[in-house]
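I opened the notebook to record what I looked up, one topic at a time. The entries follow the order in which I checked things.

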Amino acid sequence: MPTPPEPPGSSESRAVAGSARGDDQGTSGRLAGTVARLRVQVQQAHEAAAGQALIEQAKGILVERLHCGPREAARQLDTLATGASVTLLELAADIVNQAARDHLTELTAAMLEAAPSHAVPDVTTAATVRMRTAESSTLSAGDTQTVADSLLRYALAPLGANALAIWAVTYDGALRLAGYAGFPEAEGARWHYVPPEVATLARRALTKRQTVWTRTLADVQLPSIGGAASPQAGRVVVPAGTSGRLVGALEICWPGPLDPQPPQVQRQVEALADLCAHTLDAHVPLGAATEPSDLIGLAEGLWDPAMILRPYLDAEGRVIDFWIHHLNAHFADLAGRPPTAIAGSLLLESYPVSADPSGLYEKIEHVHATGEPFRARRLATTSLVDQIPLPIVADVSITRHGEEVLATWRIHDQGNRLANVLQHAQRLGRIGGFEEDFHTGEITWNSQLFALCGLQPTDKPIPLQELAAHAHRDDAIALGRFLRTLLHHHRPASTAFRLNRPDTTSRHIRIVAEPVLDGHGNLQVIRGAYQDISAQHWTEVALAATRDQLAHTEKESAEHNRLALQLQHAIMPPTSAPIDIPGLHIAVRYRPAEEDRLVGGDWYDIVTLPSRQVLLAVGDIAGHGIRAATSMIVLRNALRGLTATGAGPAQLLVWLNTVAHYLTEHVTATAVCALYDPSTRILRWARAGHLPPILVRKGHAEPLPAIKGILLGALPDAKYQEGEVQLEVGDTLLMYTDGLIERRDRSVQSSLDQLITAAERSTPTLDAHLDYLLTRSNADTDDDTCLIGIQLT
């Protein structure tokens with residue numbers, strides 16, 4: 001079949017069309033290549049700019065450290081990089097890291113400690129460069145979108161993340177998408193604004209004020225940007241805040257399920273959130289008035305009471321309270337304080353009850369931190385009015401505006417509640433109010449006053465001029481003076497009287513009243529209050545009786561102490577003349593307690609026996625006062641009588657222990673008993689819980705061996721060990737009570753060592769030696785002190 005002829009010009013048209021199609025494909029390919037090349041160049045320019053910013057920071061540090069110019073700093077930077085075989089960017093990151101000493105430096109150090117040894121170069125270079133580059137890029141960026149691109153490119157992509165979103169919290173608690181990277185543009189447009197009522201993953205992190213890690217977005221069943229396309233993607237949301245308030249959040253997305261991350265990665269993510277907080281605080285307006293004058297104008301335009309609060313931070317930047325910056329014209333304090341007394345104070349100081357769990361302070365702090373407004377109808381709270389808790393029901397609204405918080409409220413039934421407070425205050429204070437109109441004769445009493453006077457609410461109130469008929473007759477003069485001051489002199493007055501009630505009981509009443517005059521100075525009304533002060537009156541009576549009893553007791557106590565002191569001084573005077581016995585020179589110092597009320601039981605005795613032996617004894621009775629003094633006399637006289645048996649010191653203490661345990665009222669005491677034989681110069685001695693004597697020989701002092709012996713009166717059957725020492729001419733023996741050395745702030749051994757050192761001092765006479773020891777004594781227990789010196793001649 002012959003081919004049909006072509007229409008005129010048809011082959012030429014196909015050729016032209018084919019040529020045109022080929023030209024179109026070639027042009028599109030060239031344009032696509034140009035766009036791809038430009039994208040690569042733009043990306044390289046961004047990377048170069050970020051890296052150059054970090055390098056410039058390092059140059060600035062070298063200029064400051066080396067005191068050189070920028071050109072010399074650049075040359076030094078090149079030289080150091082070449083010598084260390086690292087790139088300029090790696091060296092710059094290391095220099096900035098060491099100079100900054102900030103949270104990124106701490107993060108790098110923590111990563112270095114946690115990393116295995118073979119991974120140290122990666123930790124010290126790659127991670128540091130990434131974080132410092134991201135920081136430099138963020139600080140130099142002009143908007144949050146550039147920050148989002150930089151964070152993903154330099155810091156998060158190396159960690160495996162493929163997308164991120166930066167959320168900003170607006171003044172009304174909504175979330176606005178301030179920047180994103182890795183998500184399609186259509187997804188960013190869809191999520192550019194999230195209303196306050198919508199629950200999202202970012203909202204949960206902001207409400208909890210803590211980082212939220214989730215393996216997949218499907219696990220939490222909360223919507224978020226990009227969630228519909230990749231529900232199995234892992235997510236983490238980190239709140240971003242400055243100065244105690246949250247300004248937004250950083251949400252990071254991984255392409256697949258997110259396994260638990262090591263602490264180093266978690267700290268990197270938190271550090272990046274801090275960078276986002278800086279960016280949001282600097283570049284993202286929250287859409288609310290932040291100037292104080294604007295917010296004050298808003299508060300003054302409200303009909304409800306309003307309060308503007310500013311955060312009060314501690315040294316670490318944490319919010320610990322709020323300053324009351326401004327109160328609007330409709331503010332009224334329930335306790336009656338003027339606004340000038342509250343403005344400028346701290347919230348918890350002026351309203352401490354607001355610190356209760358779930359109280360207003362907790363809600364204000366949450367609003368300031370998260371930016372989420374708080375509104376509640378008929379919220380029950382508490383306020384203090386004259387230290388009386390007042391329950392309040394109010395509609396409350398709390399919103400954040402920049403750094404400040406605006407709180408408004410509307411109280412329900414304030415008048416009735418204040419009346420209830422006054423009624424309870426009058427009931428607790430046993431106060432009844434009255435008003436008497438002298439024109440109409442009408443008398444008004446409240447219910448508390450009827451109860452106070454023992455009358456029924458239906459009874460007739462008592463007029464002021466008839467008050468004397470219901471009072472004790474001895475109070476008639478005081479009531480007459482009270483009425484004259486009110487009715488004739490027209491001045492406020494008060495008085496106390498005894499009210500005779502119909503139930504035959506009597507009450508002590510205080511009445512306070514003031515006159516109310518009209519424009520011509522004539523008496524119109526008298527207002528006042530009765531208060532039952534019976535409890536106060538009887539308390540004063542009881543106190544007066546107690547004071548009298550105390551005075552009598554103190555007088556008796558002083559008399560007992562005086563008698564005990566006289567008894568003590570009669571037996572052992574505070575000063576005693578030297579005692580000379582053949583072959584012995586004995587001196588005694590007795591120093592009573594500094595306070596007369598501390599009459600103690602220290603005692604000593606020196607007796608020459610018929611056998612020519614000399615009894616030397618010193619002791620201390622436990623306790624003070626007349627009981628200790630009488631017990632001292634009993635033991636001292638018992639010891640004198642027992643020496644007539646010729647027994648040795650140990651046996652004497654055995655018998656003296658029996659006396660203390662059975663023949664006294666549970667007296668306990670310490671003692672040292674010694675017998676000295678002048679013919680042999682042998683000293684036999686025993687001790688009962690007392691410090692051993694000190695022997696001074698040829699300028700050297702040391703205590704006698706601490707032989708065994710329990711204190712007197714502790715056990716019914718006690719045994720005592722006896723010691724013996726050969727004395728020489730010139731020896732000095734010191735016997736003393738613990739009042740000489742005892743201190744509260746050091747051990748007995750330490751004080752004893754100090755006494756031994758002082759005893760070695762050479763003095764011309766024995767009396768001078770004892771005086772020196774008393775002067776050097778640093779005892780602080782305010783106890784009696786007894787010191788005996790025996791010197792062989």
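How many of the nine residues of strand 21 are buried? I worked from a predicted model, and there I counted eight of the nine residues of strand 21 (residues 669–677) as buried. Strand 21 is therefore largely enclosed by the rest of the structure.

**Entry: partners of strand 21**

I looked next at the pairing. Strand 20 (614–621) pairs with strand 21 in the antiparallel sense, over eight bridges. I noted one position in that pairing: Leu-616 has Ala-674 in strand 21 as its bridge partner. Strand 22 (residues 682–688) also pairs with strand 21, again antiparallel, over six bridges. Here I found Tyr-676 opposite Leu-683 in strand 22. Strands 21 and 22 make a hairpin with four residues between them. In its turn I noted Arg-681, with a positive phi of about 55°.

**Entry: Gln-613**

Is Gln-613 buried or exposed? I read a relative accessible area of 19% for Gln-613, so it counts as buried, the limit being under 20%. I located Gln-613 in the loop between strand 19 (601–608) and strand 20. I then listed its contacts, leaving out residues up to four places away in sequence. Gln-613 touches Val-607, Thr-608, Leu-675, Tyr-676, Asp-677, Pro-678 and Arg-684. Among these, I had already met Tyr-676 as the residue opposite Leu-683.

**Entry: the five-stranded sheet**

I traced an open sheet of five strands in the order 13-12-16-15-14, with antiparallel pairing. Which strands stand at its edges? They are strand 13 (443–445) and strand 14 (493–500). Each has a single partner strand, so one side of each is left without a neighbour in the sheet. I recorded an average twist of 25° from one strand to the next.

Within this sheet I checked strand 12 (residues 431–437) and strand 16 (residues 523–532), which run antiparallel and are joined by seven bridges. Ile-431 stands opposite Gln-531 in strand 16. I also looked at what lies across the sheet strands, and found helix 17 (residues 476–487) across strand 14, strand 15 (506–517) and strand 16. Helix 17 runs at about 140° to strand 14.

**Entry: aromatic pairs**

How many aromatic pairs does the structure hold? I got seven. One of them is Phe-322 with Tyr-361, edge-to-face, at 5.8 Å centre to centre and 65° between the planes. Phe-322 lies in strand 8 (residues 319–327) and Tyr-361 in helix 14 (residues 360–370), so this pair ties together parts that are 39 residues apart in sequence. Both Phe-322 and Tyr-361 are buried.

I then took Trp-445 and Tyr-530, a tilted pair at 6.2 Å centre to centre, with 55° between the planes. This pair links distant parts of the chain, with Trp-445 in strand 13 and Tyr-530 in strand 16, 85 residues apart. Trp-445 is buried at a relative accessible area of 10%, and Tyr-530 counts as buried at 2%. Following the ring pairs further, I found a cluster of Phe-434, Trp-445, Phe-450 and Tyr-530.

**Entry: cavities**

I counted three cavities of 30 Å³ or more. The largest cavity holds about 80 Å³ of space. Its lining includes Leu-740, Ile-741, Ser-751, Gln-754, Arg-776 and Asn-778. Which elements give two or more residues to that lining? I found helix 21 (748–759) and helix 22 (766–776). Helix 21 gives the most, with four residues.

**Entry: second largest pocket**

I put the space in the second largest pocket at about 260 Å³. I listed 13 lining residues, of which Pro-239, Gly-241, Thr-242, Leu-246 and Asp-274 lie nearest the centre of the pocket. Strand 5 (235–242), strand 6 (245–253) and helix 10 (263–283) each supply at least two residues of the lining. The largest share, four residues, comes from strand 5.

**Entry: helix 8**

Last, I checked helix 8 (residues 201–208), where Leu-201, Ala-202, Arg-203, Ala-205 and Leu-206 are buried. Just after helix 8, I noted that Arg-209 takes a positive phi of about 60°.

Definitions and conventions. Residues numbered from 1 in each chain as written. Predicted model: local features only at pLDDT ≥ 70, side-chain atom pairs only at ≥ 80, totals over all residues. Heavy atoms only, no water. Buried < 20%, exposed > 50% of the residue type's maximum accessible area, 1.4 Å probe, protein only. Contact = heavy atoms within 4.5 Å. Pairing = 2+ DSSP bridges. Axes fitted to C-alpha atoms, helices over the stretch in contact; angles between N-to-C directions. Phe/Tyr/Trp six-rings, centres within 6.5 Å; stacked < 30°, edge-to-face > 60°. 1 Å grid on protein atoms, 1.4 Å probe; cavity = no way out; pocket = protein on both sides within 12 Å on 5 of 7 lines; lining within 4 Å. Points joined across faces, edges and corners; volume = space filled by probe spheres on them.
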